[in-house]
Amino acid sequence: MAAQKVSLEKVTASMTLPIPSGVRLQVKKDQKVKEGQIIAKRKASSQTKSYHLSKLIGVSPKKALKFLEKKLGQKVKQGELVAQKKSFLGKSEKFIAPLNGILDSLTEDGILRIKKELAEEEIKAPFTGRVSATTPSSVSLSFAAVEIKGSWGGGKKVTGYLMVIEGEDYDLFSLDGTCQEQIVVLRGKLPKGLWYKAISLEAVGFIAGSLTDKSLQKEIEEGDDSLPVVVLGLDDKISQEIWGELKKANGQMALIDGQEKRLLIPG
């Protein structure tokens, strides 16, 4: 692990949030937003998809109903068997659900309709800032932050609440279910076992003084979707100045970027 300088400075940072199809923006470019403000929203709705079942399984439209493996009005999951026509030779024609939904109806023409319910969805601003850019599929926010750049980093870029763990000796009992959606902050070394436990408990990242195992560094670097880790120590321990900033921000929403080996604390 290269011994590079750890730095702390105030910056104007930015992040881009993806906007799923059907979700409408509630903000405009250059608009100021507060943490937790709704910036995009989709109302609950439903979509109905039609499939020519009789042709797909090779039966008469009037007889298609008896080949259903599920009842009309029943929920189905994507990949689940919906209808099947078996032959005397052991072969069969199948219709597999292409999406999650409800078997809505079957017409006299052999058309099967599957209704998909779309739940209400809200996207909220993770930080107080300004809308710097918008597209049909994304919105970018700029915000003032304290940027702490580390000596090493790896993994993806995510937001989460900072959770400072006191002390410098850590084991599997140092974490419990309260670390869900948290960026766990350790002043000393991060053990490999603790990293695995954090994944199972759905923590979103780690800030640490160093890693105890070089194989962990390799695993994080080679993983396509690794839990991000940023090392802020130079001699296996985070300095008093940096540790003070982290403790002051305990419980606050922050952004950890493993690739850029940095932590952004808005404010």
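1. A good place to start is A40, which sits opposite I123 of strand β11. Its setting is strand β4, residues 38–42, which is joined to β11 by four bridges, with the two strands running antiparallel. Please keep in mind as you look that this is a predicted model.

2. Which strands make up the sheet around this pair? Three strands form it, in the order β2-β4-β11, with antiparallel pairing, and the sheet is open. Its edges are β2 (24–25) and β11 (121–124), each of which pairs on one side only.

3. Now step back to the whole protein chain. Its inventory is four helices and 22 strands. The C-alpha trace spans about 80 × 45 × 30 Å along the principal axes. For 267 residues, a compact globule would have a radius of gyration near 18 Å, but this chain has 26 Å.

4. How much of the chain counts as buried? The share is 43% of the 267 residues. The chain exposes about 15000 Å², and 47% of that comes from carbon and sulfur atoms. As for contacts between residues at least 6 apart in sequence, 61% of them join residues at least 24 apart.

5. Helix α3, residues 214–222, is worth turning in your viewer. L216, Q217 and I220 are its buried residues. Viewed down the axis of α3, they fall within an arc of 105 degrees, so they line one face of the helix. K214 and E222, on the other side of α3, are exposed.

6. What covers the buried residues of α3? The cover includes the strands β14 (152–154), β17 (189–190), β19 (210–211) and β20 (229–231), together with helix α2 (192–200).

7. Helix α4, residues 240–248, can be read in a similar spirit. Here I242, W243 and L246 are buried. Down the axis of α4, these buried residues fall within an arc of 100 degrees, so they too line one face of their helix. Q240, E241 and K248 lie on the other side of α4 and are exposed.

8. Which strands do the buried residues of α4 pack against? They are β1 (7–18), β13 (138–149), β15 (157–165), β16 (182–186), β18 (205–208) and β22 (262–266). To see this for yourself, begin at W243, one of the buried residues of α4, and look for the strands that these residues pack against, including β1 and β22.

Technical notes
Residues are numbered from 1 along each chain as its sequence is written. This is a predicted model: local features need pLDDT of at least 70, side-chain atom pairs count only at pLDDT 80 or more; totals for chains, interfaces and linings use all residues. Side-chain values use heavy atoms; hydrogens and water are left out. Buried means under 20% relative accessible area, exposed over 50%, partly exposed in between (1.4 Å probe, protein chains only). The arc is that of the directions from the helix axis to the C-beta atoms. Contact means heavy atoms within 4.5 Å. Two strands pair if DSSP finds at least two bridges between them. The radius of gyration is taken over C-alpha atoms; the globule rule is 2.2 Å times the number of residues to the power 0.38. Accessible areas come from the Shrake-Rupley method with a 1.4 Å probe; for residues, only the protein chains shown count as cover.
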